[in-house]
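Biologist: I have not seen this structure before. Please show it, and then I will ask about it piece by piece.

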Amino acid sequence: MTTLSESSVIPSYDKLFIGGAWVEPATDRVIEVVSPINGKVIATVPDATEADIDRAVAAAREAFDHGPWPRLSPAERATYLARIGEEVVKRIPAMSEAFTNEIGAPAVVSAAFHDNARKMWEDAATMHERFVFEEERSWEDGHGTLVREPIGVAAVIIPWNGPVATGSLKIGPALAAGCTVAFKPAPEGPVSVMMLAEAIEAAGLPAGVVNVLPAGREVGQYLVEHPGVDKVSFTGSTVAGRKIMAAVADRIGRVSLELGGKSAAILTEDVPLENVLPTLVFAGLGNSGQVCAALTRVLVPRSRQEEVVGAMVAAYQGLKVGDPREEGVMLGPLAAERQQQRVLEYIGIGKQEGARLATGGGVPAGLEEGYYVEPTIFADVTRDMRIAREEIFGPVICVMPYDTIEEAIDIANSTEYGLSGAVYAADDAAAEKIARQIRTGQIGINTWGMCVTQPFGGYKQSGLGREGNVEGMAAFLETKLMMK
Ligand code: NAD
């Protein structure tokens, strides 16, 4: 039997949300939620098995094939989505506390992520006002009605780094489209997601429309391969994305993928540093660098490298790193021990490759308990280095000098990823001209952010498709022409 740490402040769950009710799991297997703040087990949730997946898919199938959900009008569905949004808002304090304890995100990060979830549900609840589900079409020798219909049962699989928001960004549009959902969150951060399940339950959706069951990757793979699933919407690593795409290929399965990133900020010769630092400093470090869209490469004119590195080092050394529950802490631990080890390994690789360590590089003094890594900057990084090409998913920034703006654009586009980015120049027009040449799904012009209520997603191996707004909903629709 599991002994929870005495200081545990977050709830445990012993049931799965399937078919509109909290039900006993098929086995007594549990996921132990380990706090990265101190390495202690702070909660448990059921570890769903294949039998649970069968049950969840059957419930979603029944709700889709025979239930009212896909047959309601988009406006009727929207009233439920608005209600879920309200129920989520009520639970934001509890979700934030859970997220901080299970993943290690400081309050400021946790608040931003959960506020994004609120925005996502508001977006989902208003999509029907901005989208044409049916329209008359005519052509040379005929006419008819073009109908956009829900694809069917959607399998939603997400990672741990912002699960309530990442889940909401998929489930909201899936429901707006009329799909039903089997939702498998990651085992590392399931408690805040169980609270999302409670919010969905409180909104009173018809039974089986959303089913929530945390599990590991093998069970995730079983869900992806399930013949009852019509659409897979996945967020996670590019490695897993490839496996998932291969797994659905046999049945020509519908798939949307939101994967990794190695996003670049380009600073031009003439941009004043004070215009850059307010957004750049935290753009690579938020959630300890565990953000897919993080700006982890900073491309600077060679003549300005020392100026930029100096300013960033000063800013990073001034950031409070520590227990994310403490006031003023900006950087908590990495989410898991394996994540910490991976980041430290990459720091070792950077040193071996000849990059210059400008600050950080190890475990912060006094924070040996828990999974902390210092905010780290490498300078003199070149495009062939692994630390410049591979996603580290930690607080490690690569400053890369360039000689011409053409070279900067080329470096920015030189990885297999294309998720986010930013261009900082003395004027917006010049920055925009450069931004148009960067192959990435979102890009900031003299700013940076992740806009989750407009299309978000990746070029190249950062993913397939877009989430957010009606483009996100379209990923859960099929198109039918009825000829008359
Ligand atoms: P991961 O890919 O290992 O796991 C993500 C989720 O997928 C988990 O729920 C896991 O159990 C499940 N999973 C893994 N392999 C699977 C398989 N073969 N079949 C079905 N399910 C499977 O990723 P991680 O290390 O947990 O998360 C970090 C990664 O997620 C990073 O690469 C990051 O960039 C990416 N990410 C991307 C976005 C985005 O929107 N582009 C957002 C957040 C995180």
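The questions below go through the ligand site, the salt bridges, a surface patch and some single residues.

Biologist: What kind of model is this?

Modeller: Local features are described here only where pLDDT is at least 70. That condition is applied because the model is predicted.

Biologist: How many residues surround the ligand, and which are the closest?

Modeller: A residue is taken as near the ligand if one of its heavy atoms lies within 4 Å of it. By that cut-off the shell has 27 residues. The closest are R217, Q221, S237, L259 and E391.

Biologist: Which element gives the most residues to the shell around the ligand?

Modeller: Three elements each supply at least two residues of the shell: β10 (231-235), α7 (238-249) and α6 (217-225). The one that gives the most, with four residues, is α6.

Biologist: How many residues of the shell around the ligand are nonpolar, polar and charged?

Modeller: The classes are assigned by residue type, with Gly among the polar ones. Sorted in that way, the shell has 14 nonpolar, eight polar and five charged residues.

Biologist: How far is the polar side-chain atom of Q221 from a nitrogen atom of the ligand?

Modeller: A polar contact needs a pair of N or O atoms within 3.5 Å. W160 has a polar side-chain atom 2.9 Å from an oxygen atom of the ligand, and a polar backbone atom of G236 is 3.3 Å from a ligand oxygen. For Q221, the partner is a nitrogen atom of the ligand, and the distance is 2.7 Å.

Biologist: What percentage of the area that the ligand exposes when taken alone does the protein bury?

Modeller: The contacts of W160, Q221 and G236 have been described. Taken alone, the ligand exposes 840 Å². Of that area the protein buries 93%.

Biologist: Is T235 buried or exposed?

Modeller: T235 is part of strand β10, and its side chain makes a polar contact of 2.9 Å with the side chain of K170. Its relative accessible area is 10%. The limit for a buried residue is under 20%, so T235 counts as buried.

Biologist: How many salt bridges does the structure hold?

Modeller: Side chains of opposite charge can pair when their charged atoms come close. One example is a network of salt bridges that links D14, K15 and E24. The total for the structure is 26.

Biologist: How many residues apart are R356 and E306, which form a salt bridge?

Modeller: The closest N and O atoms of R356 and E306 are 2.9 Å apart. R356 belongs to strand β14 (residues 356-359) and E306 to helix α9 (residues 305-317), so the pair links distant parts of the chain. R356 is partly exposed at 31% relative accessibility, and E306 is partly exposed at 48%. Along the chain, the two are 50 residues apart.

Biologist: In the salt bridge between D323 and R325, which residue is buried?

Modeller: The N to O distance in this pair is 2.8 Å. R325 has a relative accessible area of 44%, so it is partly exposed. At 17% relative accessibility, the buried residue is D323.

Biologist: E432 and R436 form a salt bridge; which of them is exposed?

Modeller: Their closest N and O atoms lie 2.7 Å apart. E432, at 34% relative accessibility, is partly exposed. A relative accessible area over 50% counts as exposed, and the residue with 66% is R436.

Biologist: What is the accessible area of the nonpolar surface patch that includes L481?

Modeller: L481 lies in strand β20 (residues 477-483) and is partly exposed at 38% relative accessibility. The patch is formed by W139, L481 and M483. Together they have an accessible area of about 310 Å².

Biologist: Where is S288, and what is its phi?

Modeller: S288 is buried, with 2% relative accessible area. It is found in the loop between α8 and β13 (295-301). Although S288 is not a glycine, its phi is positive, at about 55°.

Biologist: In which loop is N446 found?

Modeller: N446 is a residue other than glycine with a positive phi, near 55°. Its loop is the one between β18 (444-445) and β19 (463-464).

How values were computed
Residues numbered from 1 in each chain as written. Predicted model: local features only at pLDDT ≥ 70, side-chain atom pairs only at ≥ 80, totals over all residues. Heavy atoms only, no water. Salt bridge = Lys/Arg side-chain N within 4 Å of Asp/Glu carboxyl O. Buried < 20%, exposed > 50% of the residue type's maximum accessible area, 1.4 Å probe, protein only. Patch = residues over 30% accessible without salt bridge, like charges linked within 9 Å, V, L, I, M, F, W, Y side chains within 5 Å. Areas by Shrake-Rupley, 256 points an atom, 1.4 Å probe, with all protein chains shown as cover. Polar contact = N/O pair within 3.5 Å; in protein donor to acceptor, adjacent residues only side chain to side chain.
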